[in-house]
Amino acid sequence: MVRVAIAGRPNVGKSTLFNRLVGRRRAITERTPGVTRDPVTGRTEIEGFRVILTDTGGYNAGDSTIDRRVTERALQVIEEAEVVLLMLEYQQVTPEDELLLEHMHRFRDKVLLVVNKIDNRERELGLYEFYRYGFDPVIGVSAEHGRGLDELREELARRLEPLSGPEDRSGDADAQMVSVSSEDEGECVAYQPPEGAASEDSDGVPAGDPDEPITLSILGQPNTGKSTLANRLLGREHSLVDAVPGTTRDVVESEFQFGRRRFRLLDTAGMRRRSRVDEPLEYYSVNRAVATLNEADVVLLVIDAQKGVTEQDKKIAGLVVKRGCGVVLVLSKWDLMSGAPNEFEAFRDRARFVFPVLQFAPIVPVSARTGYGIKRMLRTAEQVNRELDRRVDTGQLNRALQAWVEDNPPPMVRGRRPKLLYATQTGTRPLVFVIFAGRKKDLPESYVTYIKNRIRDEYGFQRTPVRVEIRERS
């Protein structure tokens, strides 16, 4: 795939254009300058060419640490891109624009100048004034209204043609190899499988199709170490990390490879209690974080080990289970713990008590700073992902159901014992089992939980959410 970046000062319309080109609202758009901080990436197709499109943070001459780091990250993305859409705003070229224009002359061959807010014919006629900046051609668009996008796509296709090979029409870009270091697993090296090794994952189960990445969504409260963890997995600073809560706003997407499996990573904004969300920007950030549950295979629910499990963690966990995603509880900042004997066991027991809805979820202590536990976390995510695809034969399931009922019959109701007639698995991702009964309301919830636990024990669904639905025989 060809990498295309959108660059410009804050609030020039980059995120709106990005959303137009990828065909969905991926980047948050607000009138407040500086909303986008981390690069936001999306895959799209431009006139038959498959591209990786990146919305960069605004080029900003501000003195704050965040402004400088956002600008540095934007310039890094510009250097790595093969085509750059440099955006200006009609009738509002600022000193920041001129600084960026001067900087971009060294990349002139890959720059396509795009002027936003060309909303009418009169402004189209005024586009010739922008040729004085030394870029040819100049494309006028209205990102908000979609005007001029066909011409932009056509010009982009002309730029992409000499840069693209056959694979750029049907293949994927190379994923980055994850660099992991761990106090318990050796020095910092890119994980490579041994030469001639069998195609198996860490627990000896044949690996799935490596061309299908496992999507990991990193969720948690602000400042629990989510972005630090994302950067460790990617081997570079892809998400900005700062002590100020709310640094991450958009969903930051990237890919990496661990062993033979590719992973798609979604780093999300911190999720605070609704009562504490008092800005529209944070409201949209949290909504985007929740929306990643529709894309995620496995959620890495990051909990600050020093603070312990909170009520907000429990609410996030409830959302995850409701969507039927796999989940790994990640105890972050483990290197800052005291190291006392049985410290992890105590934390695990506490988490099991506080998180009854996540009794099944594996718990992995990690340190994103040192790399401790990172490999174990990824292998656990692989195991959880495999369980989500597991299916149980209907005949085998019904024979097992009969044995479970004989071992522990349902309680009597009005002198009669409820009958469980038939069971079948109706879905994966989420894992759903349907049991047909004589009268649904006669089965207590505790007995449904008993059946669910037997399904887990019998068929190896130890690390994933399982949903059991009771339906009455029609």
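# Group meeting talk: a walk through a predicted model

Let's start with helix 1, residues 14-22. This helix is mostly covered, with 7 of its 9 residues buried. Remember that we are looking at a predicted model.

Which residues of helix 1 are buried? They are Lys14, Ser15, Leu17, Phe18, Asn19, Leu21 and Val22. What do they pack against? Four strands and one helix, so let me name them in turn: strand 1 (2-7), strand 2, strand 3 (49-55), strand 4 (83-89) and helix 5 (149-160). Right after helix 1 comes Gly23. Its phi is positive, near 80°.

Now step back to the whole protein. It has 13 helices and 18 strands. There are 474 residues, and 52% of them count as buried. The accessible surface comes to about 22200 Å². Carbon and sulfur atoms own 46% of that surface.

How do the contacts spread along the chain? Take the contacts with a separation of 6 or more. Residues 24 or more positions apart account for 71% of them.

Here is one example of residues far apart in sequence. Thr41 and Ser254 are 213 residues apart along the chain. Their C-alpha atoms are separated by 7.1 Å. Thr41 lies in strand 2. Is Thr41 buried or exposed? It is buried, because its relative accessible area is 12%, and the cut-off for buried is under 20%.

Stay on strand 2, residues 40-46. Glu45 sits in this strand too. Unlike a buried residue, Glu45 is exposed, because its relative accessible area of 51% is over the 50% cut-off. Glu45 also belongs to a negative surface patch. The other members are Glu47, Glu151 and Glu154.

Next, the backbone. First, a general point: most residues other than glycine have a negative phi, and most peptide bonds are trans. Let's look at some exceptions.

Gln91 has a phi near 65°, a positive value in a residue other than glycine. Where is Gln91? In the loop between strand 4 and helix 3 (95-104). Gln91 is exposed, at 66% relative accessible area.

Asn342 also has a positive phi, near 65°, and is not a glycine. Find Asn342 in the loop between strand 14 (326-332) and helix 10 (343-354). Asn342 is exposed, with a relative accessible area of 56%.

Now the peptide bonds. Asp136 and Pro137 are joined by a cis bond, with omega about 0°. Pro137 lies in the loop between helix 4 (121-125) and strand 6 (138-140). The bond from Arg429 to Pro430 is cis as well, with omega near 10°. Pro430 is in the loop between strand 16 (420-427) and strand 17 (431-437). Keep Arg429 in mind. We will meet it again.

Last topic: salt bridges. Side chains of opposite charge can pair when their charged atoms come close. How many salt bridges does a search of the whole structure find? It finds 24. I will show three pairs and a network.

Pair one is Arg147 with Glu124. Their closest N and O atoms are 2.8 Å apart. Arg147 is in the loop between strand 6 and helix 5, and Glu124 is in helix 4, so the pair ties together parts that are 23 residues apart in sequence. Arg147 is partly exposed at 34% relative accessible area. Glu124 is partly exposed at 29%.

Pair two is Asp304 with Lys333, at 3.1 Å from N to O. This pair links distant parts of the chain, 29 residues apart. Asp304 is in strand 13 (residues 298-304), and Lys333 is in the loop between strand 14 and helix 10. Asp304 is buried, at 6% relative accessible area. Lys333 counts as partly exposed, at 24%.

Pair three brings back Arg429. Its side chain meets that of Asp389 in a salt bridge, 2.8 Å from N to O. Asp389 lies in the loop between helix 11 (374-387) and helix 12 (394-407), and Arg429 in the loop between strand 16 and strand 17, so the pair ties together parts that are 40 residues apart in sequence. Asp389 is partly exposed, at 46% relative accessible area. Arg429 counts as partly exposed too, at 31%.

And the network? Arg9, Glu89, Asp97 and Lys117 are joined into one by salt bridges that share partners.

That's the tour. Thank you.

How values were computed
Residues are numbered from 1 along each chain as its sequence is written. This is a predicted model: local features need pLDDT of at least 70, side-chain atom pairs count only at pLDDT 80 or more; totals for chains, interfaces and linings use all residues. Side-chain values use heavy atoms; hydrogens and water are left out. Patches are made of residues with over 30% relative accessible area and no salt bridge: like charges are joined within 9 Å, nonpolar side chains (Val, Leu, Ile, Met, Phe, Trp, Tyr) within 5 Å. Accessible areas come from the Shrake-Rupley method with a 1.4 Å probe; for residues, only the protein chains shown count as cover. A salt bridge is a side-chain nitrogen of Lys or Arg within 4 Å of a carboxyl oxygen of Asp or Glu. Lys and Arg count as positive and Asp and Glu as negative; His and the chain ends are not counted. The place of a charge is taken as NZ of Lys, CZ of Arg, CG of Asp or CD of Glu. Helices (H or I, at least four residues) and strands (E, at least two) are DSSP runs, numbered from the N terminus. Buried means under 20% relative accessible area, exposed over 50%, partly exposed in between (1.4 Å probe, protein chains only). Contact means heavy atoms within 4.5 Å.
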